[in-house]
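I opened the notebook today to look up one sheet and one loop residue, and I set down below what I found for each.

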Amino acid sequence: NGAINQPLSLTLRWLRDDNVSSYRLQLATDSVFSNPAIVLDDSLLTDTLRLVGPLANSTRYYWRVRGKNYLGIGPWSEVFSFTTIVTLPTQVSLIYPEHGGTIGADSVICLWRQAEPAITNYWFERAADSLFVLRNIIDSTLTDTSRIIRGLVSNESYWHWWRVRAKNAAGWGPWSQSRRFRAVFTSVAGEDELPTRFALEQNYPNPFNPSTTIRYSLPVSAEVTLTVYNLLGQEVAVLVNERQPPGNYRVVCDASPFTSGIYFYRLQAGSFSATRKLVVVR
């Protein structure tokens, strides 16, 4: 009674009564056995078992039995219940990095949306090929919807492929669509060198918690604003808002007030504007 994750076809059993000539079994989706909740009503049983199914996933069923002999019909048994197993997980939907994207740092957080129903864990794979033959990361123990990859090497011709699937009591669901990204980044120029162009570097580290460094370059004096936005485009922090002379700058972004997720930081310097992503992980 009260069993969960039961198969969609199963056998119901009860104790034999030697004074009974036949049994009546009722199976329903409510505890009062009202119509149309009754899914099975069999009054011709002579044995003390009945195979039922196929049943619906993720459904609670109630069942009861009573006996009959030459004196008449006996009372119903106690009502028992059980719940059938959930459906297989839905396909995982990937969020970040976007397919074909470029990562400007030696680490990245892969994000995906939560699958349904009743997910227990996720399986993450990264490979050097789209068929996932040359897999270099396999992690099937994840309970969160993210996985950090560290130690990326800058290489314009090398793609990182990744995919995810979810698991629940019914088993593993289908793989997500596979995505690819590449890591391309350069070392930061010496801060004493006068820059020849405007530039906004990728923050480092990224992902981070709770702080990261953002570097940018100004070849001429300019009114500078450096602002952080959330995914809804709402301003969450202003890191710089002043006129600055030419030079190489670095600003520390403290994300202690931020929630986990993807943010954008935007540099506006005169007519120059550039935007990059940063990722906060708690």
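Which residue in strand 14 does Val 108 stand opposite? I looked this up in what is a predicted model, and found that the partner of Val 108 in strand 14 is Ile 149.

I then followed the two strands themselves, and noted that strand 11, covering residues 107-112, pairs with strand 14 in the antiparallel sense over five bridges. Both belong to an open sheet of three strands, whose order I read as 9-11-14 with antiparallel pairing. Strand 9 (94-96) and strand 14 (146-150) are at the edges and have a single partner strand each, so one side of each is left without a neighbour in the sheet. For the twist I recorded that neighbouring strands of this sheet are turned by 25° against each other on average, with direction ignored.

My second entry concerns Gln 91, which I located in the loop between strand 8 (80-84) and strand 9. Is Gln 91 buried or exposed? I found neither label to fit, because its relative accessibility of 45% makes Gln 91 count as partly exposed, the range for that class lying between 20% and 50%.

I next asked what Gln 91 touches, leaving aside residues up to four places away in sequence, and listed Pro 174, Trp 175, Ser 176 and Gln 177. Within this group I looked further at Trp 175, whose backbone oxygen is reached by the side chain of Gln 91 at 2.8 Å. Finally, I checked Gln 91 against Ala 105, and noted that the two are 14 residues apart in sequence and 29 Å apart in space, C-alpha to C-alpha.

Terms used
Residues numbered from 1 in each chain as written. Predicted model: local features only at pLDDT ≥ 70, side-chain atom pairs only at ≥ 80, totals over all residues. Heavy atoms only, no water. Pairing = 2+ DSSP bridges. Helix = DSSP H or I, 4+ residues; strand = E, 2+ residues; numbered from the N terminus. Axes fitted to C-alpha atoms, helices over the stretch in contact; angles between N-to-C directions. Buried < 20%, exposed > 50% of the residue type's maximum accessible area, 1.4 Å probe, protein only. Contact = heavy atoms within 4.5 Å. Polar contact = N/O pair within 3.5 Å; in protein donor to acceptor, adjacent residues only side chain to side chain.
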